[in-house]
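Please open the model in your viewer and keep a selection panel at hand. The tour below moves from one side chain outwards to the helices around it.

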Amino acid sequence: MTNATFVASVAPVSAPVNGAVNPSINLTALNVPANVVVSNTTPAVPSVITGELKSLENARISWETTELAASNNRLYSILQQAYHFYLVMKQDASKDVRKAKLAAMEAFIEERGYTNSFGATTHDMTRVVKCVFGVDRRRVSAYSIALREALRQEVAATDLIAFLEQNGGVEQIRTGGTKPLSATKRAELVKTQVSEAVIGTVKFDALAVKANADWNDKQVVLVATYLPTGEFEINAVVKHEGAVKTALAAYYTLAKAKEREEANALKRAHTEAEEKEKAETKTEGKMAKQVAKTIEEISEKERLAITTASFDAAFVIEAKAQPEFA
């Protein structure tokens, strides 16, 4: 509350303006002290309500940092196992293992009554996801899209969780797809791996490459020329974090390209093996049908021969039984 003291007097009513009368008081003419109390117009907010909102805010923060994070981790773990099931079913080196996985999935679908939920072109990844997550079509679709995107990028099962996290989760992948990794992120993913892979040790002349304690135990870039002898001729040493990051990012890209090439070769081999198996099965089926047909024809001929022989025998007996006329 704010108290203000004024010396005031009553003044005549002012003249009307635009037909409206605006009364006023001339406090100065009154020569009488007056206390005018000006109250704070901001309504008081009960502290209990503020405390309730703060409590809800803290609950939300706790949920995001602990419960939600744990829930996402569990979900990603289940998706990883479903993804692994699909990869084994499609890419395992053993034909028997692939067949067993496929048979198990088809039996499960039949048992749960999901058969009519799929069309002729339904991706097998969607079938696997539905087996795991049930009848919620929207959720099955979202998870299937995310896993098929991982499949398209040839992500290994062990890398699936990192893939989902780096691309904003399932919903982000479903709505916006995945974004290429930045050079910084690619460099971080292989930095430790490259550091631990020691190819060899090179020591330079101290006059040519001066020592710098600030770069101890840090990575640098060596610019070298590959010689016909198989040796590398070192031309320069680049001590620059940006150059190291770029080099590591390039290493990551080349390594992933090699992995994709190997995976594609393995996939082609599996495809060729499956096609060969189908062709052999088809040929075996044709041969089996031909054999069955031949057996059927032989059986029919034998049946006719037996029937004819029986008829002939009966006819002969009947003919012999006829009386002779003089």
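Select Asp124 and Lys90 together: their side chains make a polar contact at 2.7 Å, a term that stands for a pair of N or O atoms within 3.5 Å, where within protein one must be able to donate a hydrogen and the other to accept it, and where residues adjacent in sequence count only if both atoms are side-chain atoms. This is a predicted model, in which local features need pLDDT of at least 70 and side-chain atom pairs count only at pLDDT 80 or more, while totals for chains, interfaces and linings use all residues. Residues are numbered from 1 along each chain as its sequence is written, and side-chain values use heavy atoms, with hydrogens and water left out.

Keep Asp124 selected and show its surroundings: leaving aside residues up to four places away in sequence, Asp124 touches Tyr86, Met89, Lys90 and Met105 (contact means heavy atoms within 4.5 Å). Asp124 counts as buried because its relative accessibility is 18%, the cut-offs being under 20% relative accessible area for buried, over 50% for exposed and partly exposed in between, with a 1.4 Å probe and protein chains only.

Next, extend the selection to helix H4, residues 124-133, where Asp124 is found; helices are DSSP runs of H or I with at least four residues, numbered from the N terminus. Nine of the 10 residues of H4 are buried, so this helix is largely enclosed by the rest of the structure.

Finally, add helix H3, residues 95-112, and look at where Met105, Phe108 and Ile109 of H3 meet Asp124, Arg127, Val128 and Cys131 of H4.

Key
Helix = DSSP H or I, 4+ residues; strand = E, 2+ residues; numbered from the N terminus. Axes fitted to C-alpha atoms, helices over the stretch in contact; angles between N-to-C directions.
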